[in-house]
Amino acid sequence: MLQSIAHYGCHFLLPLAVALIWFKPNWKTAYFIMICGMLIDLDHLLATPVFDPNRCSINYHPLHTYYALAVYILLLFFKKTRLVGLGLVIHIIADVVDCSFM
């Protein structure tokens with residue numbers, strides 16, 4: 001139960017907090033763009049089984065690798081890609097929190 005609250009709290013509440021604090025005038029747009037970072041979970045469709053509650057996503061799925069994380073961090077340095085990068089990095093943080101419970 002606590003694992004699910006922490007995981008999904010990071011997925012939805014952390015981007016909301018970031019949007020409200022640092023992107024206040026356009027927080028709805030910022031929040032939406034960061035939430036779109038969850039689309040990287042589409043790489044779970046490449047795994048068999050698609051969902052395994054005992055599997056850590058980090059460095060297992062292609063878009064959850066350390067190499068992908070390096071690209072996501074690079075996106076933070078450019079104004080045009082910063083929100084996308086934030087959404088992706090926050091997504092990875094949420095998955096790290098989830099893995100820490102395993």
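A disulfide is a pair of cysteine sulfur atoms within 2.5 Å. In this predicted model, that rule gives a count of 1 disulfide, and the two residues concerned are Cys56 and Cys99, whose sulfur atoms lie 1.9 Å apart. The angle about the S-S bond is 100°, and the link between Cys56 and Cys99 is right-handed. Because Cys56 belongs to the loop between H2 and H3 while Cys99 belongs to helix H4, the pair ties together parts of the chain that are 43 residues apart in sequence. The two partners can also be described by their accessibility: Cys56 is partly exposed, with a relative accessible area of 27%, whereas Cys99 is buried, with a relative accessible area of 16%.

Two further cysteines, Cys10 and Cys36, were examined in the same manner. For Cys10, the closest cysteine sulfur is that of Cys99, at 12 Å, and since a disulfide calls for sulfur atoms within 2.5 Å, this separation is too far for a bond. For Cys36, the closest cysteine sulfur is that of Cys10, at 18 Å, which is likewise too far for a bond. Cys10 counts as buried, at 17% relative accessibility, because the limit for that class is under 20%; Cys36, at 28%, counts as partly exposed.

Next to Cys56 in the numbering stands Ser57, which lies in the loop between helix H2 (27-35) and helix H3 (66-75). With a relative accessibility of 11%, Ser57 counts as buried. When residues up to four places away in sequence are left aside, the residues that Ser57 touches are His44, His64, Asp95 and Cys99; Cys99, one of these contacts, is also the residue joined to Cys56 by the disulfide.

The empty space inside the model was considered last. Rolling a probe the size of a water molecule over the atoms shows where empty space is left. The structure holds 1 cavity of 30 Å³ or more, and the volume of the largest cavity is about 40 Å³. Its lining is made up of His11, Pro15, Met34, Ile35, Met38, Gly87, Ile90 and His91. Two or more of the lining residues are supplied by each of helix H1 (2-22), H2 and helix H4 (82-100), and the largest share, 3 residues, comes from H4. In chemical character, the lining of the largest cavity divides into 5 nonpolar and 3 polar residues, with no charged residue among them. Helix H4 thus appears in both parts of this description, as it gives residues to the cavity lining and holds Cys99 of the disulfide.

Technical notes. Residues numbered from 1 in each chain as written. Predicted model: local features only at pLDDT ≥ 70, side-chain atom pairs only at ≥ 80, totals over all residues. Heavy atoms only, no water. Helix = DSSP H or I, 4+ residues; strand = E, 2+ residues; numbered from the N terminus. Buried < 20%, exposed > 50% of the residue type's maximum accessible area, 1.4 Å probe, protein only. Contact = heavy atoms within 4.5 Å. 1 Å grid on protein atoms, 1.4 Å probe; cavity = no way out; pocket = protein on both sides within 12 Å on 5 of 7 lines; lining within 4 Å. Points joined across faces, edges and corners; volume = space filled by probe spheres on them. Nonpolar A, V, L, I, M, F, W, Y, C, P; charged D, E, K, R; others polar.
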